[in-house]
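User: Hi! Could you walk me through this structure?
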Amino acid sequence: MVEDVAEPFESLARQAHAARLGMWIFLGTEVLLFGGLFALYAAYRIEHPGGFAVGVESNTVAWGSVNTGVLLVSSYAVALAVHELRRGKARASAWLIGATLLLGCLFLAVKTGEYREHFREGIYPGGVGDFYRDHADPGTRMFFTLYFCMTGLHALHVLVGGGVLGFLLVKVRSGRIGPHAPHPLAIGAIYWHLVDVIWIFLWPLFYLIPGSRP
Amino acid sequence: VSASTAARETSARGLLLTLVALLLLAGLSLALRFAHLGGWGYAVGLGIAVVKAALVGVFFMEILVEKAAVRLAFATCVVLLALLLALVLADVVTRAGPPLEDPPGTEPRVRG
């Protein structure tokens, strides 16, 4: 087990703690990155409630809701993968990481289908497209520009998270990450959970709250 | 991993219960989408989202098991986010409505 401890650390426990601290600080910066966009959303929505209501009602609730379920279950799967690895069940852990990856792919597939539907309806980011001819409120253009920015940035995070999990899957299968030092998987998992948490807020803002029209 | 840390990590049963709670809350959120809550929709929808995020943070991410340094680092970012949102909202909410027809200082002076 000694070979798992990297140079400056006295023990594996300290190394794991340092790694977790680093990941949580990184997650904090991610929260602030998305926080700026959420603040922008709040400000525009207060100025243009009617246009945002049209936007929310133009989105397909079913697609967003399916993706919410997919991400929640994927978060559970990766949390269970960490749990199994800690208990020495590397094989079960690898299967669960694989399941998480598949659910991540499903999420991206649904999101891609949704974007295609928007493009067919003439909804593009930046207020470009035929859709806005019948929906002239500037708030609707702002809504969809923010929608593409925020869900696009989120999808990019799903993609990166998937890459990280794929890397960890290989390591777990080869035994490089095992029950003796499961913290790399735990760290990858909390990144995936953060991506889930961000979607937990995107879902109501873009699909569920039409609000009151003025 | 010390024994006390292992005891505070979420059990398999706890993870499953968390997932069930998350899915039930998501279902509730979805049902209320069609309840025509008007302005209350913001409070209800975002309130449920905050509860779900807390469940993920506590039981999946195990933030409370982390050492104080880790919790402090992340809490700082949450406080900064709250500050950002509060100040932006304070500005936008308290803005006057449409621009004044006559800018201040140009009102005709009426005397007598």
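Analyst: Happy to; here is a look at the fold, the interface and the cavity. It is a predicted model, where local features need pLDDT of at least 70, side-chain atom pairs count only at pLDDT 80 or more, and totals for chains, interfaces and linings use all residues. Residues are numbered from 1 along each chain as its sequence is written, chains are lettered from A and ligands numbered from 1 in the order in which they are written, and side-chain values use heavy atoms, without hydrogens and water.

User: Cool. How many helices and strands does chain A have?
Analyst: Chain A has 7 helices and 0 strands, taken as DSSP runs (H or I, at least four residues, for helices; E, at least two, for strands) numbered from the N terminus. Its C-alpha trace spans about 65 × 30 × 25 Å along the principal axes.

User: And how many residues of chain A are in contact with chain B?
Analyst: 49 residues of chain A are in contact with 45 of chain B, contact being heavy atoms within 4.5 Å. The two chains bury about 4000 Å² between them, 79% of it on carbon and sulfur atoms; that is the accessible area (1.4 Å probe) lost on putting the two parts together, summed over both.

User: Which three residues of chain A supply the most of that area?
Analyst: Trp24(A), Leu72(A) and Tyr76(A), with 17% of the area that chain A buries against chain B.

User: What about salt bridges across the interface, how many?
Analyst: The rule finds 4 between chain A and chain B, each a side-chain nitrogen of Lys or Arg within 4 Å of a carboxyl oxygen of Asp or Glu. One salt bridge joins the side chains of Arg20(A) and Glu66(B), at 2.6 Å from N to O.

User: Which elements of chain A touch chain B?
Analyst: Those giving two or more residues are helices H1 (12–47), H2 (49–58), H3 and H7 of chain A. The largest share, 19 residues, comes from H1(A).

User: Switching topic: how many cavities are there?
Analyst: There is 1 cavity of 30 Å³ or more, meaning a set of points on a 1 Å grid over the protein atoms alone where a 1.4 Å probe fits but cannot get out. About 110 Å³ of space lies in the largest cavity, the volume being the space filled by probe spheres set on the points, which are joined across faces, edges and corners. It has 16 lining residues, each with an atom within 4 Å of a point; closest to its centre are Ala79(A), Val82(A), Arg86(A), Phe60(B) and Glu62(B).

User: Which helix gives the most to that lining?
Analyst: H3(A), with 5 residues.

Note on methods:
On a 1 Å grid over the protein atoms alone, a cavity is a set of points where a 1.4 Å probe fits but cannot get out, and a pocket is an open set with protein on both sides within 12 Å along at least five of seven lines; lining residues have an atom within 4 Å of a point.
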